[in-house]
Number of protein chains: 2
Amino acid sequence: MSITLQDCRTRDAQDPLRALRDHFALPPGVIYLDGNSLGVAPKAAAARVADVVTREWGTDLIKSWNTASWFDLPQRLGNQLAPLIGAGQDEVVCTDSTSINLYKVLSAALNIAREDSPARKRIVSERSNFPTDLYIAEGLCKERGLELVLVEPEEIAASLTSDVAVLMLTHVNYRTGAMHDMAAITAAAHAQGILCVWDLAHSAGAVPVDLNGAGADFSIGCGYKYLNGGPGAPAFVWVHPRHADRFWQPLSGWWGHAAPFAFTPDYQPAPGITRYLCGTQPIISLSALQCGLDVFTAAQSLGGMTALRTKSLALTDLFIQLVEERCAGHGLGLATPREHAQRGSQVCLTRDEGAGVNGQGSGAYAIVQALIARGVIGDFRKGDGGTGRHKDILRFGFTPLYLGFEDVWNAVEHLRQVLEGGEWQKAEFNQTHAVT
Amino acid sequence: MSITLQDCRTRDAQDPLRALRDHFALPPGVIYLDGNSLGVAPKAAAARVADVVTREWGTDLIKSWNTASWFDLPQRLGNQLAPLIGAGQDEVVCTDSTSINLYKVLSAALNIAREDSPARKRIVSERSNFPTDLYIAEGLCKERGLELVLVEPEEIAASLTSDVAVLMLTHVNYRTGAMHDMAAITAAAHAQGILCVWDLAHSAGAVPVDLNGAGADFSIGCGYKYLNGGPGAPAFVWVHPRHADRFWQPLSGWWGHAAPFAFTPDYQPAPGITRYLCGTQPIISLSALQCGLDVFTAAQSLGGMTALRTKSLALTDLFIQLVEERCAGHGLGLATPREHAQRGSQVCLTRDEGAGVNGQGSGAYAIVQALIARGVIGDFRKGDGGTGRHKDILRFGFTPLYLGFEDVWNAVEHLRQVLEGGEWQKAEFNQTHAVT
């Protein structure tokens with residue numbers, strides 16, 4: 001029997017996490033399915049940031065390094081984040097950007113792996129990994145005369161050979177929402193003496209992660225997607241304690257020094273994860289990140305990440321089912337795995353090349369634009385134009401903290417109307433691909 | 001004839017820059033002489049940041065990459081900053097931290113210098129350079145098997161030998177306020193085939209700088225000191241156009257890509273300074289920086305950096321003169337050069353070892369603490385305890401944008417009272433050296 005709008009409303013009424021939605025400043029008239037790109041603002045952020053600007057900076061000025069504990073902020077936020085990713089206390093710091101943190105941990109991983117086995121000269125990653133991760137790896141390889149090997153997901157196992165130093169993967173793929181089995185892949189890599197770096201950009205706050213349980217080596221992730229930390233919020237970095245003291249990461253700035261206020265001319269790395277700090281952090285943005293983390297702290301008493309995962313899968317299951325029931329016959333396909341264990345918190349729809357206006361392109365970009373014009377915010381990711389395995393994608397992120405089942409119903413209803421009315425074929429929606 | 005309080009008030013009344021003070025949210029009861037550590041908040045910052053949080057992030061969400069031009073923000077701020085440092089348009093970006101930007105330019109400088117002359121294996125810097133600069137250089141040397149050579153200021157000329165790749169200096173010394181002759185030193189280095197990296201942390205917005213006029217190669221600097229960009233505001237980076245396209249800096253993230261939204265797996269650096277961007281920037285903090293830069297834009301019609309420099313020298317001259325007239329006999333000395341051409345926008349007083357309570361230490365820390373308790377905010381920098389050339393320092397920064405001549409009078413009057421009344425000898429001011 002088909003699902004009805006009333007069914008969705010009933011599920012919202014029964015949702016034990018429904019109250020969390022009230023923590024967010026959801027813009028009126030919008031169904032926001034892009035929390036995997038930039039999370040919605042927690043209501044607390046405006047007041048928190050105002051306090052940082054007017055009191056901490058404005059009134060207390062330099063004293064706030066002590067009185068507002070600016071100096072501990074990267075560690076305090078790291079400790080607040082740690083339970084979401086299976087990290088221990090004092091194993092995580094929030095700092096810098098994801099790309100820069102990747103440079104730190106990839107440098108460390110390469111140094112450790114190659115100190116043990118100098119013949120290991122490769123980094124293996126996925127060809128469809130998030131590009132900035134590949135760019136950082138490419139830069140390091142170029143600098144050190146190493147090789148970056150890019151493979152398809154099904155080729156990962158076979159690529160773990162004795163000349164590989166580091167396997168660098170993003171846990172949930174940004175294009176497809178496909179999720180790797182972190183524990184199994186880490187074990188397979190370790191069996192070959194290979195260290196694992198996991199990017200949790202699309203995982204932290206979206207799916208349960210257990211870095212220590214999986215025996216992972218290094219991890220980094222993003223503060224502004226599912227963690228709702230604000231635009232360009234500082235990222236995070238985790239290093240397994242067995243590695244943390246072993247290597248002096250290359251961005252050796254004052255905040256990672258063992259005695260940062262001794263002002264000695266020589267660098268002595270702080271013990272543990274603190275050495276992964278570098279320069280002075282953007283305190284206003286870093287403070288806003290705390291408001292995002294506070295919602296997860298509030299979610300703890302409602303079941304935490306386990307309950308959020310249950311709801312996330314229910315939302316994405318519902319979206320898939322409704323699209324298939326109500327939007328059939330419009331050339332849409334599913335890029336995201338149906339298998340729960342392989343799915344992140346997003347659903348990506350494909351559209352075939354040639355399904356666009358006058359048989360040109362896929363029309364996926366125009367469909368996304370038509371949805372945005374209706375207040376349904378998803379995004380578009382370009383495929384390879386039919387030259388390879390990647391089709392154009394309509395990407396929809398589902399944040400269980402603030403989305404409900406009726407939102408999913410309404411989003412699919414808008415999609416149905418856009419497709420059936422041919423609305424996406426209007427010139428205004430077909431103009432350009434310059435979308436972020 | 002001695003200067004009087006009335007003289008100072010007269011000078012304030014005649015100060016053509018006096019109106020700029022109204023741009024700042026100066027805390028009541030405070031004379032803030034620490035703008036060289038964290039600048040005062042511009043009044044506009046609270047509203048600007050609130051707008052970023054509630055409208056750009058809160059309402060417009062992901063669209064703000066385009067509608068609020070987040071994507072151009074590092075370049076727009078860089079262009080606004082450029083005239084303050086003698087840089088051209090599209091030569092500067094505001095991004096990341098000073099330490100991280102130093103890593104980028106120092107890597108680039110080393111690669112370029114050593115590509116031309118592989119035998120050049122040294123970085124030369126000052127022993128009393130700001131420590132984080134030395135730490136970054138030490139890290140790079142360790143990574144690449146190079147040598148960091150630290151010299152005293154008077155030894156710089158002799159250290160420019162044919163095995164040196166890069167001379168890395170901070171234009172205005174953070175401890176003493178001594179300023180290098182950028183043009184002369186750059187010319188001397190270039191004559192030996194050595195590239196120059198200039199840190200403008202204590203120069204940008206404090207003294208006129210002419211990077212292009214001096215023929216400098218690379219430069220970085222801080223957004224939160226004299227630029228008043230907010231705590232941990234993103235820093236800036238400048239590369240001379242002759243070098244900008246030559247090297248792929250190692251932090252090769254998505255924002256420095258030639259086509260960042262093409263999502264190609266391979267890195268192609270953007271032309272020019274844009275390739276010195278890496279990952280996603282903290283938009284809230286970056287937006288606050290604009291408020292600091294806007295005050296300099298407003299200062300343009302009042303004579304800009306030339307007028308600010310005239311006032312800065314008048315303020316520091318006055319401070320030196322008043323301290324010498326009114327605080328004599330208390331063991332204070334002057335660490336900052338009297339010569340205008342060698343002085344930044346700060347005055348550092350020394351105090352002899354043995355001048356502290358019961359002949360222990362210098363008492364400088366306690367004097368600074370006693371001043372802070374009176375609302376006169378300066379800071380303390382520890383010396384070498386009499387083992388070398390560095391005495392304990394009382395450091396006072398003078399920001400001509402918001403300080404007046406009466407402020408200087410009052411600060412010195414507080415210092416006189418603290419010294420003459422023996423107030424600094426109280427136990428509460430002598431407790432600890434854990435000052436930031």
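1. Let me start at the contact between the two chains, with a count you may want to know early: there are zero salt bridges between chain B and chain A. Please keep in mind throughout that this is a predicted model. Polar contacts do occur across the boundary, with 18 residue pairs counted between chain B and chain A, both residues at pLDDT 80 or more. On the chain B side, the elements that each supply two or more residues are α2, α3, α5 (98-116), α6 (131-144) and α11 (283-299). Of these, α6(B) gives the most, with 10 residues. Sorted by class, the side of chain B that touches chain A has 43 nonpolar, 23 polar and 10 charged residues.

2. Now for the extent of that interface. The size of an interface is often given as the accessible area lost when the parts come together. Here the area buried between chain B and chain A is about 6,300 Å², and carbon and sulfur atoms give 71% of it. In terms of residues, 76 of chain B are in contact with 76 of chain A.

3. How are the two copies related? Laying chain B on chain A takes a turn of 180° and a shift of 0.0 Å along the axis, and the RMSD is then 0.0 Å. The two copies are thus related as by a two-fold rotation axis. If you would like a landmark in the viewer, go to B:S285, whose C-alpha is the one in chain B nearest the axis, at 2.7 Å. The same surface serves both copies, since 100% of the contact residues of chain B recur in chain A.

4. On to the salt bridges. Side chains of opposite charge can pair when their charged atoms come close. Over all chains, the structure holds 56 salt bridges. One of them joins A:E147 to A:R122, with the closest N and O atoms 3.0 Å apart. This pair links distant parts of the chain: A:E147 belongs to strand β4 (residues 147-151) of chain A and A:R122 to strand β3 (residues 122-126), 25 residues apart. Both ends are partly exposed, A:E147 at 39% relative accessibility and A:R122 with a relative accessible area of 25%.

5. In chain B, have a look at B:K311 and B:D15, whose side chains meet in a salt bridge at 2.7 Å, N to O. B:K311 sits in helix α12 (residues 304-326) of chain B and B:D15 in the loop between α1 (5-14) and β1 (31-32), so the bridge ties together parts that are 296 residues apart in sequence. Are these two residues buried or exposed? Both B:K311 and B:D15 are buried.

6. A further chain B pair is B:R389 with B:E152, a salt bridge at 3.3 Å, N to O. Here both partners come from loops: B:R389 from the one between β12 (379-381) and β13 (392-397), and B:E152 from the one between β4 (147-151) and α7 (156-159), so parts 237 residues apart in sequence are tied together. The two ends fall into separate accessibility classes: B:R389 counts as partly exposed at 47% relative accessibility, whereas B:E152 counts as buried at 8%. Back in chain A, salt bridges that share partners join A:R48, A:D51, A:R55, A:E56 and A:D60 into one network.

7. One backbone detail deserves a look in each chain. Most residues other than glycine have a negative phi, and most peptide bonds are trans. A:L61, though, has a positive phi near 45°, and B:L61 has a positive phi of about 45°. A:L61 lies in the loop between α2 (44-59) and α3 (64-67) of chain A, and B:L61 is in the loop between α2 (44-59) and α3 (64-67) of chain B. Both leucines are buried, A:L61 with a relative accessible area of 2% and B:L61 at 1% relative accessibility.

8. Last, a helix to inspect. Helix α4 (residues 73-81) of chain A is mostly covered, with seven of its nine residues buried. Which residues of α4(A) are buried? They are A:L73, A:P74, A:Q75, A:L77, A:G78, A:N79 and A:L81. Their cover includes β2 (92-95), β8 (235-239) and α11 (283-299) of chain A.

How values were computed
Residues are numbered from 1 along each chain as its sequence is written. Chains are lettered from A and ligands numbered from 1 in the order in which they are written. This is a predicted model: local features need pLDDT of at least 70, side-chain atom pairs count only at pLDDT 80 or more; totals for chains, interfaces and linings use all residues. Side-chain values use heavy atoms; hydrogens and water are left out. A salt bridge is a side-chain nitrogen of Lys or Arg within 4 Å of a carboxyl oxygen of Asp or Glu. Helices (H or I, at least four residues) and strands (E, at least two) are DSSP runs, numbered from the N terminus. Buried means under 20% relative accessible area, exposed over 50%, partly exposed in between (1.4 Å probe, protein chains only). Contact means heavy atoms within 4.5 Å. Buried area is the accessible area (1.4 Å probe) that two parts lose on being put together, summed over both. A polar contact is a pair of N or O atoms within 3.5 Å; within protein, one must be able to donate a hydrogen and the other to accept it, and residues adjacent in sequence count only if both atoms are side-chain atoms. Ala, Val, Leu, Ile, Met, Phe, Trp, Tyr, Cys and Pro count as nonpolar, Asp, Glu, Lys and Arg as charged, and the others, Gly among them, as polar. Copies are superposed by least squares on the C-alpha atoms of residues with pLDDT of at least 70 in both.
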